[in-house]
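Student: I should like to learn how to read the features of a structural model one at a time. May we work through an example together?

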Amino acid sequence: MFDVDPDKPDIPALARIQLWMGVLCMVASIISLLLAFSGSEWINEVYAFGCAVAIFLVALLFVGQAKILELQAVISARVKSRFAMEGMARNMAPQTAERKLPIIPQVKGERVIKVGEQEARDQGLRLK
């Protein structure tokens, strides 16, 4: 299920656990299906077949979650390396005169709202 690739990071332990739980559920599903068709008197065929289907769906869920966790680790490693490369490229870029200028703080003035004379009288505002 999981490939060993030197490009990829290690597979998280939770992904390995879920993968093996999924494999175990697949085996249990096959055993339940065999019991459903065995014809033994002590086994209810309907429950055994329903249980086989339910266990198979749980197995698919476990395997799918394991694959998602593996891909999250890969994506996380790639994003971290991309940001690291961008940071290195930004630091290695030549410093220009434009980048060395300090930031000039902006002076905040009064907030001016233009309202018509008639609207101002209707709302009870005084004109300056």
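Student: Is Cys-51 buried, partly exposed or exposed?

Tutor: Please keep in mind throughout that this is a predicted model. Buried means under 20% relative accessible area and exposed means over 50%, with partly exposed in between. Cys-51 has 36% relative accessibility, so this residue counts as partly exposed. Cys-51 belongs to helix H2. The C-alpha atom of Cys-51 is separated by 6.8 Å from that of Ser-32, a residue 19 places apart from Cys-51 along the chain.

Student: What does the secondary structure of the protein come to?

Tutor: The protein has four helices and zero strands. Read from the N terminus on, the order of its elements is α-α-α-α.

Student: What share of the residues is buried, and what supplies the area that the protein exposes?

Tutor: Of the 128 residues in the protein, 16% are buried. The exposed area is about 11,200 Å², and carbon and sulfur atoms supply 65% of that area.

Student: How should I read the sequence separation of the contacts?

Tutor: One takes the contacts between residues at least 6 apart in sequence and asks what share joins residues at least 24 apart. In this protein the share is 67%.

Student: Why does the end-to-end distance of helix H2 agree with its number of residues?

Tutor: The expected span of a helix is 1.5 Å times one less than its number of residues. Helix H2 covers residues 45-92, which is 48 residues, so the expected span is 70 Å. The C-alpha atoms at the ends of helix H2 are 70 Å apart, in agreement with that value.

Student: What is found at the start of H2?

Tutor: There, a side-chain oxygen of Asn-44 comes to within 3.2 Å of the backbone nitrogen of Val-46.

Student: Which residues of H2 are buried, and what covers them?

Tutor: The buried residues of H2 are Ala-48, Ala-52, Ile-55, Ala-59, Phe-62, Val-63, Ala-66, Glu-70, Ala-73 and Val-74. Their cover includes H1.

Student: Which residue of H1 could I inspect, and which residues does Gln-18 touch?

Tutor: Gln-18 sits in helix H1, which comprises residues 13-36. Its relative accessibility is 13%, and therefore Gln-18 counts as buried. Leaving aside residues up to four places away in sequence, Gln-18 touches Phe-62, Val-63, Gln-65, Ala-66 and Leu-69. Phe-62, Val-63 and Ala-66 are also among the buried residues of H2.

Student: How many aromatic pairs does a search of the whole structure find?

Tutor: A pair of aromatic rings is described by the distance of the centres and the angle of the planes. In this case the search of the whole structure finds one aromatic pair. The partners are Phe-37 and Phe-49, with 6.3 Å from centre to centre and 70° between the planes, an edge-to-face arrangement. Phe-37 lies in the loop between H1 and H2, whereas Phe-49 lies in helix H2, so the pair ties together parts that are 12 residues apart in sequence.

Student: Where do Phe-37 and Phe-49 fall in terms of relative accessible area?

Tutor: Phe-37 is exposed, with a value of 65%. Phe-49 is partly exposed, with a value of 42%.

Student: How many salt bridges does the structure hold?

Tutor: Side chains of opposite charge can pair when their charged atoms come close. This structure holds two salt bridges. One joins Glu-70 to Lys-67, and their closest N and O atoms are 3.2 Å apart. Another joins Glu-117 to Arg-121, where the closest N and O atoms are 3.1 Å apart.

Student: Why are Glu-70 and Lys-67 separated by about one helical turn?

Tutor: The two residues are three residues apart in helix H2, and therefore about one helical turn separates them. Glu-70 is buried at 3% relative accessibility, while Lys-67 is partly exposed at 26%.

Student: What can be said of Glu-117 and Arg-121 in helix H4?

Tutor: Helix H4 comprises residues 117-123; Glu-117 and Arg-121 are four residues apart in this helix, so about one helical turn separates them. Glu-117 counts as partly exposed at 49% relative accessibility, and Arg-121 counts as exposed at 54%.

Key:
Residues numbered from 1 in each chain as written. Predicted model: local features only at pLDDT ≥ 70, side-chain atom pairs only at ≥ 80, totals over all residues. Heavy atoms only, no water. Buried < 20%, exposed > 50% of the residue type's maximum accessible area, 1.4 Å probe, protein only. Contact = heavy atoms within 4.5 Å. Polar contact = N/O pair within 3.5 Å; in protein donor to acceptor, adjacent residues only side chain to side chain. Phe/Tyr/Trp six-rings, centres within 6.5 Å; stacked < 30°, edge-to-face > 60°. Salt bridge = Lys/Arg side-chain N within 4 Å of Asp/Glu carboxyl O. Areas by Shrake-Rupley, 256 points an atom, 1.4 Å probe, with all protein chains shown as cover.
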